Amino acid sequence: MEPKIINLPKIIDKRGNLSFFEHPNQLPFEIARTYWIYDVPGGEERGGHAFREQKEFIVALSGSFDVVLNDGKKDYTYSLNRSYYGLYVPKMYWRRMENFSTNSLALIVSDKGYDDNDYIRDFNEFKKLKNE
Ligand code: TYD
């Protein structure tokens, strides 16, 4: 499966709206780990790596930011600016996150537990592996 913005259900209610994702309906994998990125100072970037095996699903729970994915050849920018958009990130895509708005909150769920050995932190190594 390719990277993809998935439109999540939005239950509109005058008491406040509600959205969700669950496997297998909106989320293409079972969740092993959840983390979130917050208090990002203006102008900072996160990410800047790829995962050998891990898949992720990213939601801007609050505020907005861009996720830039590279397939070894080209950048693709996904602007997450609604809390009912989820971005599916397959394994072996270089990803960085930038343009965080004030008070933005990025929720990330993954199909694997944290494993430092799953990271590729060198873009040239990533490109080589991806294009082999
Ligand atoms: P990292 O994935 O490099 O952050 P980002 O991709 O947002 O720039 O993680 C930063 C640090 O946090 C790194 O030292 C590892 C640690 N960490 C965990 O211990 N568990 C986790 O689930 C994650 C995502 C990171």
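**Close-up views of a predicted model**

Methionine 92 is buried, at a relative accessible area of 16%; buried means under 20%, exposed over 50% and partly exposed in between (1.4 Å probe, protein chains only). This is a predicted model, in which local features need pLDDT of at least 70 and side-chain atom pairs count only at pLDDT 80 or more, while totals for chains, interfaces and linings use all residues. Residues are numbered from 1 along each chain as its sequence is written, and side-chain values use heavy atoms, with hydrogens and water left out.

**View 1. Methionine 92, a residue with positive phi.** Methionine 92 lies in the loop between strand E9 (85-89) and strand E10 (94-98). Strands are DSSP runs of at least two residues, numbered from the N terminus. The phi of methionine 92 is positive, about 60°, although the residue is not a glycine.

**View 2. Asparagine 99, with positive phi.** The loop between E10 and strand E11 (105-110) holds asparagine 99. Asparagine 99 is not a glycine, yet has a positive phi of about 60°. Asparagine 99 is exposed, with a relative accessible area of 52%. Most residues other than glycine have a negative phi, and most peptide bonds are trans.

**View 3. The cis peptide bond before proline 24.** The bond from histidine 23 to proline 24 is cis, with omega near 5°. Proline 24 is placed in the loop between strand E3 (18-19) and E4.

**View 4. Residues around the ligand.** Arg33, Tyr35, Ile37, Arg46, Gly47, His49, Tyr114, Tyr119 and Arg121 surround the ligand, each with a heavy atom within 4 Å of it. By class, this shell has 4 nonpolar, 2 polar and 3 charged residues. Here Ala, Val, Leu, Ile, Met, Phe, Trp, Tyr, Cys and Pro count as nonpolar, Asp, Glu, Lys and Arg as charged, and the others, Gly among them, as polar.

**View 5. Polar side-chain atoms beside ligand oxygen atoms.** A polar side-chain atom of arginine 33 is 2.4 Å from a ligand oxygen atom. For tyrosine 119 the corresponding distance is 2.5 Å, and for arginine 46 it is 3.0 Å. A polar contact is a pair of N or O atoms within 3.5 Å. The protein covers 62% of the 530 Å² of accessible area that the ligand has on its own (Shrake-Rupley method, 1.4 Å probe).

Definitions and conventions. Polar contact = N/O pair within 3.5 Å; in protein donor to acceptor, adjacent residues only side chain to side chain. Helix = DSSP H or I, 4+ residues; strand = E, 2+ residues; numbered from the N terminus.
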